[in-house]
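Below is a walk through one protein structure, taken residue by residue. Keep the sequence at hand while reading.

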Amino acid sequence: MHAIRELRKKAGLTQVELAQLLGFKSTSVISMWESGDRSPRTDKLPELARILHCRIDDLFERGTG
């Protein structure tokens, strides 16, 4: 989910800021999303896309094929 990292940086947010905006007390979930260890819960996708000024589809990395 490197797309989330790039979109977060493009939005000018740190992991701490994004976590706070999503109501998380720690950045661990953001870190796991960005590393691909976990994916965001479906109920968080609309809010995440709104915060990062993108479409939900944009949150998911696509192959370069």
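R55 is exposed, with a relative accessible area of 51%; exposed means over 50% relative accessible area, buried under 20%, and partly exposed in between, using a 1.4 Å probe and protein chains only. R55 makes a salt bridge with D58, with 3.0 Å between the closest N and O atoms. A salt bridge here is a side-chain nitrogen of Lys or Arg within 4 Å of a carboxyl oxygen of Asp or Glu. The partner, D58, is partly exposed at 24%.

The model is predicted, so local features need pLDDT of at least 70 and side-chain atom pairs count only at pLDDT 80 or more, while totals for chains, interfaces and linings use all residues. Residues are numbered from 1 along each chain as its sequence is written, and side-chain values use heavy atoms, with hydrogens and water left out.

The structure holds 5 salt bridges. One of them joins R5 to E34, with the closest N and O atoms 3.5 Å apart. R5 lies in helix α1 and E34 in helix α3, so this pair ties together parts that are 29 residues apart in sequence. Helices are DSSP runs of H or I with at least four residues, numbered from the N terminus. R5 is partly exposed, with a relative accessible area of 24%, whereas E34 is buried at 1%.

E34 also meets the side chain of R8 in a salt bridge, at 2.5 Å from N to O. This pair, too, links distant parts of the chain, with R8 in helix α1 and E34 in helix α3, 26 residues apart. R5, R8 and E34 are thus linked in a network of salt bridges.

What surrounds R8, leaving aside its neighbours within four places in sequence? R8, which is found in helix α1 (residues 2–10), is in contact with L13, T14, Q15, L18, E34 and L52. Contact means heavy atoms within 4.5 Å. R8 is buried, with a relative accessible area of 7%.

Another buried residue is P40, at 8% relative accessible area. P40 sits in the loop between α3 (28–35) and α4. The C-alpha atoms of P40 and L59 are separated by 9.4 Å, with their positions 19 residues apart along the chain.

The segment after α4 (45–51) contains H53. Is H53 buried or exposed? H53 is exposed, with a relative accessible area of 68%. Its phi is near 55°, a positive value in a residue other than glycine. Most residues other than glycine have a negative phi.

Notes. Helices (H or I, at least four residues) and strands (E, at least two) are DSSP runs, numbered from the N terminus.
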